[in-house]
Amino acid sequence: MTPAIAAVRADCAADPAGTLTFELTAPAPAPASVLLLRRRGAAGGRPGGTVRIPLSGSGPGRLRAVLPASTELSEGRWDAYVEEPGSETARTVEPGLRDLRALVDRSPDTGATSVSARVPYPTADGRLALRCWVRAPHAEAGAVVVGPAGMTVEGVLYGVAVGEGAAVEARLPGDRDRAHRFPLTPADGPPGAFAFTLPYGPPAEGPVDGAQLWQLWLVPAAGAPGVRISRILDDVWSRNKSFVYPTRAPAPGVLATPCYTADNDLCLRLEPGPADR
């Protein structure tokens with residue numbers, strides 16, 4: 001049996017198209033080894049839940065794997081391993097240097113019917129993983145301005161055109177009766193550019209007994225399905241702790257804060273607060 005690679009560390013680099021190159025350090029290149037990407041959770045055992053990328057020697061003690069942007073990866077989190085012939089256990093990969101500057105402020109073709117993005121990142125327990133998104137269509141959030149009475153958001157819509165009756169909806173998951181719609185406003189920029197102002201007052205009118213996370217959806221035209229508003233076209237794999245916005249008090253005892261989820265979806269968080277704020 002060929003001995004497994006004892007320790008693997010990977011540097012990552014991205015190009016503007018989204019192709020990722022992994023440079024792995026190992027004691028010695030092993031013929032026919034592969035970089036194994038496995039989708040996290042039960043989906044990893046289903047068809048399409050694993051992707052194998054050939055490894056080739058790129059220098060003394062180094063292996064290289066290239067993940068083209070055209071390779072299909074389902075939305076989710078993918079863990080990286082090295083798999084060697086004859087080894088019963090795939091080796092986890094530790095994150096090294098990550099040069100992801102080419103992913104910052106990506107601008108896909110405005111005629112694209114779908115948008116995909118993938119960002120290498122270090123997990124909490126020190127492993128290398130990829131966060132992948134596949135959205136068709138997609139509403140990319142841009143600047144978020146926090147005003148005294150509402151939040152103003154700019155962005156670009158991909159995969160579908162803005163038509164008559166276009167609006168943004170704030171939806172409270174689990175409660176179909178609690179949704180509020182507000183019109184889109186004209187915006188300067190590329191085709192598909194949009195803007196809207198979401199006042200805090202209407203969502204805050206109902207009872208706020210605990211934390212509420214209102215999801216924001218762009219409705220491209222009257223009667224059209226909603227498109228989740230997110231920000232995925234850069235090098236940030238999880239925005240919930242790194243993008244922090246000011247809090248406002250739209251009603252006595254209620255606090256409102258724009259925020260992102262761990263999956264980079266834009267939301268409005270409402271929670272109880274001091275009645276005098």
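Asn264 sits in the loop between β20 and β21. The exercises below start there, and they use a predicted model.

**Exercise 1. The loop between β20 and β21**

Task: Find out what is unusual about the phi of Asn264, and decide whether Asn264 is buried or exposed.

Solution:
- Step 1. Look at the backbone. Asn264 is not a glycine, yet its phi is positive, about 70°.
- Step 2. Apply the cut-off: buried means under 20% relative accessible area.
- Step 3. Asn264 has a relative accessible area of 0%, so it is buried.

**Exercise 2. Asp265**

Task: Place Asp265 in the fold, classify its accessibility, and name the side chain that it joins in a polar contact.

Solution:
- Step 1. Find the strands on either side. Asp265 lies in the loop between β20, residues 254–260, and β21, residues 266–272.
- Step 2. Check accessibility. Asp265 has 13% relative accessibility, so it counts as buried.
- Step 3. Look for polar partners. The side chains of Asp265 and Arg135 are joined by a polar contact of 3.5 Å.
- Step 4. List the contacts, leaving out residues up to four places away in sequence. Asp265 touches Arg135, Arg228, Ile229, Ser230, Cys259 and Tyr260.

**Exercise 3. Ile229**

Task: Take Ile229 from the list in Exercise 2. Which strand holds Ile229, and how far apart are Ile229 and His138 in sequence and in space?

Solution:
- Step 1. Ile229 belongs to strand β18, residues 227–230.
- Step 2. Its relative accessible area is 0%, so Ile229 is buried.
- Step 3. Compare the two separations. Ile229 and His138 are 91 residues apart in sequence, and their C-alpha atoms are 7.2 Å apart in space.
- Step 4. Again leave out residues up to four places away in sequence. The contacts of Ile229 include Ala139, Ala141, Val168, Phe196 and Asp265.

**Exercise 4. The nonpolar cores**

Task: Which members of the largest nonpolar core touch the most other members, and which strand gives the most to this core?

Solution:
- Step 1. The largest nonpolar core has 34 residues. Phe22, Leu24, Leu35, Leu37 and Leu130 touch the most other members.
- Step 2. Strand β11, residues 128–135, gives the most to this core, with 4 residues.
- Step 3. Another core lies apart from it. This other core has 31 residues, including Ala141, Leu157, Val227 and Leu268.
- Step 4. Return to Leu37. Beyond four places away in sequence, its contacts include Val51, Leu67, Trp78 and Leu130.

**Exercise 5. A cis bond**

Task: Find the loop that holds Pro137 and describe the peptide bond from Ala136 to Pro137.

Solution:
- Step 1. Pro137 is in the loop between β11 and β12.
- Step 2. The bond from Ala136 to Pro137 has an omega near -5°, and it is cis.

**Exercise 6. The pockets**

Task: Describe the volume of the largest pocket and its lining by class. Then do the second largest pocket.

Solution:
- Step 1. The largest pocket has a volume of about 270 Å³.
- Step 2. Its lining has 20 residues, and Glu140, Ala141, Gly142, Gly155 and Val156 are the closest to the centre.
- Step 3. Strands β12, β13 and β16 each supply at least two lining residues.
- Step 4. Sort this lining by class: 9 nonpolar, 4 polar and 7 charged residues.
- Step 5. The second largest pocket holds about 190 Å³ of space.
- Step 6. It is lined by 13 residues, with Ala17, Arg106, Val115, Ser116 and Ala117 the closest to its centre.
- Step 7. By class, the second lining has 7 nonpolar, 3 polar and 3 charged residues.

Technical notes:
Residues numbered from 1 in each chain as written. Predicted model: local features only at pLDDT ≥ 70, side-chain atom pairs only at ≥ 80, totals over all residues. Heavy atoms only, no water. Buried < 20%, exposed > 50% of the residue type's maximum accessible area, 1.4 Å probe, protein only. Polar contact = N/O pair within 3.5 Å; in protein donor to acceptor, adjacent residues only side chain to side chain. Contact = heavy atoms within 4.5 Å. Core = buried A, V, L, I, M, F, W, Y, C linked by side-chain atoms within 4.5 Å. 1 Å grid on protein atoms, 1.4 Å probe; cavity = no way out; pocket = protein on both sides within 12 Å on 5 of 7 lines; lining within 4 Å. Points joined across faces, edges and corners; volume = space filled by probe spheres on them. Nonpolar A, V, L, I, M, F, W, Y, C, P; charged D, E, K, R; others polar.
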